[in-house]
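Biologist: Could you take me through the surroundings of the ligand in this model? I'd enjoy a close look at that one part, with a word on how far to trust it.

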Amino acid sequence: MKHMGSITEQKYLFVPTLKEAPKSAEAKSHKLMSRAGLIKQVAAGIYSYLPLGYKVIKKIENIVREELDKIGCSELLLPALQPRDLWEESGRWDKYGPELMRLKDRKDRDFCLGPTHEEIITQVVRDYLNSYKKLPLALYQIQTKFRDEMRPRFGLMRGREFIMKDAYTFTENQFELDEWYQKFTKAYKRIFDRCGLETKIVSSDTGQIGGDEADEFMVMSEVGEDTITYCDSCDFGANQEFSELHEGDDCPKCNGGVIRIAKGIEVGNIFKLGTKYSESMNAKIINKQGKQVPIIMGCYGIGISRTLMASVEQHATENGLVWPKDIAPYDIHVIPMNIKEDSPQMEIAGILSKALKGKRYDVLLDNRNERPGPKQFDADLIGIPWRIIVGRRAPEGIVEIRNMQKDIVKEVHFSKLLLKKENIREIFATK
Ligand code: ATP
Ligand code: MG
């Protein structure tokens with residue numbers, strides 16, 4: 001479906017901006033997301049997504065959907081509430097430890113709130129498939145996960161309730177698993193690229209999930225909780241926990257590269273699970289040779305809410321949000337400084353908003369009855385990529401166009417913005 005463009009009247013949009021960040025906010029991204037009215041803390045590691053924040057979440061989710069659908073995945077939705085018996089089958093009811101949120105129903109039966117969904121997805125697939133002919137299969141969901149983290153931190157970065165995309169592949173053999181692993185690697189690069197994040201891929205151990213090979217997608221950042229060892233000239237990367245290398249060492253992979261160590265945020269990861277779950281949970285198929293074998297699995301996660309946080313951390317200034325184009329909540333912020341009915345400002349702002357919507361832009365129209373000061377304050381905080389200010393020179397038809405990120409300020413006659421999309425693109429060009 002082609003995107004149609006939209007106008008949102010700011011008067012009706014709930015964006016509770018704040019002068020001061022809550023005391024609990026440490027990271028720049030956490031402070032700004034709170035001040036710009038994107039998220040509100042409910043308890044440690046638990047947040048409400050307010051309209052502007054949720055809009056960005058949906059943009060990120062849709063980028064993930066587009067890129068995964070493109071490589072042949074299908075989306076489904078699994079329950080958050082999971083019965084103990086499945087977790088007993090995999091052996092994780094005991095192994096998972098205190099991070100697992102456990103609860104009982106009215107008949108005193110044990111349940112948990114899913115921190116991840118290997119058990120549930122394995123049950124789905126094993127109950128429907130018994131032949132290699134139905135494979136390969138790649139399934140994903142975007143869903144709320146629950147983990148009673150020891151140290152919830154930095155807003156959405158480490159939540160106890162958070163949004164994750166988790167995908168699982170089912171293949172007959174290792175070769176096909178390797179192919180999917182490559183496909184996911186490429187799709188992840190495109191996803192993070194579109195979210196404005198430059199990632200380094202580092203190999204890691206397989207931790208809680210267990211299996212063969214694993215890679216993590218890391219965004220370099222001071223507030224990252226992982227320490228990454230990487231090469232300054234080739235693509236070598238390793239998680240410092242499992243690496244013997246030191247700052248300044250020769251790169252073990254290329255000739256001439258030097259090892260650097262830095263902090264990183266893990267935004268996604270991919271695991272070759274192998275047969276860990278299919279063995280323990282008896283998910284088997286008859287292979288081409290007519291033998292019954294366990295299905296080979298892979299699993300692939302992306303922290304959707306953490307990706308939002310990482311993108312804000314990466315791009316925002318101390319004073320306001322700065323959005324990569326593809327995940328900005330709106331494309332253009334139209335701000336008439338005076339909305340009185342007899343002022344030409346509101347009229348021009350209305351005509352412009354309609355025209356831009358017609359050209360498939362998402363427009364936020366600040367039609368609130370506020371003074372210029374608070375309007376500018378909010379606009380600076382929210383950081384919509386392009387701003388059109390309809391102010392003092394409105395009687396001559398002149399409006400001001402700004403791109404805060406690129407330091408561009410132009411004055412144009414508003415009629416120029418009513419032209420064909422190609423001409424408008426020129427006006428909004430950043431070079
Ligand atoms: P971490 O080492 O940061 O705890 P993990 O190895 O436990 O991550 P996975 O279980 O593989 O992470 O989850 C997949 C993705 O979900 C991670 O790459 C991360 O982006 C995200 N994620 C994991 N835990 C959290 C959390 N507590 N809050 C927000 N996002 C999370
Ligand atoms: Mg963890």
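Modeller: Happy to! Let's start with the backbone of Gly303, where a polar atom lies 3.2 Å from an oxygen atom of ligand 1. As for cover, the protein hides 85% of the 580 Å² of accessible area that ligand 1 has on its own. Two elements give two or more residues each to the shell around the ligand, namely strand S9 (161–171) and strand S14 (259–274). Of these, S14 gives the most, with 5 residues.

Now to the residues themselves. The shell around ligand 1 holds 15 residues, and those that come nearest are Arg147, Glu149, Gly159, Glu266 and Asn269. Glu266 deserves a second look, as an N or O atom in its side chain is 2.6 Å from an oxygen atom of ligand 1. A nitrogen atom of the ligand, in turn, has a backbone N or O atom of Met157 at 3.4 Å. Sorted by class, the shell has 5 charged, 4 polar and 6 nonpolar residues.

And the trust you asked about? Please keep in mind that this is a predicted model. Its protein has a mean pLDDT of 93, with 97% of the residues at 70 or more. One stretch calls for care: over residues 206–210 pLDDT stays under 50, though the model has 16 contacts there beyond four places in sequence. Where pLDDT is low, predicted coordinates should not be read in detail.

Note on methods: Residues numbered from 1 in each chain as written. Chains lettered and ligands numbered in written order. Predicted model: local features only at pLDDT ≥ 70, side-chain atom pairs only at ≥ 80, totals over all residues. Heavy atoms only, no water. pLDDT = per-residue confidence, 0-100. Contact = heavy atoms within 4.5 Å. Near = heavy atom within 4 Å. Polar contact = N/O pair within 3.5 Å; in protein donor to acceptor, adjacent residues only side chain to side chain. Areas by Shrake-Rupley, 256 points an atom, 1.4 Å probe, with all protein chains shown as cover. Helix = DSSP H or I, 4+ residues; strand = E, 2+ residues; numbered from the N terminus. Nonpolar A, V, L, I, M, F, W, Y, C, P; charged D, E, K, R; others polar.
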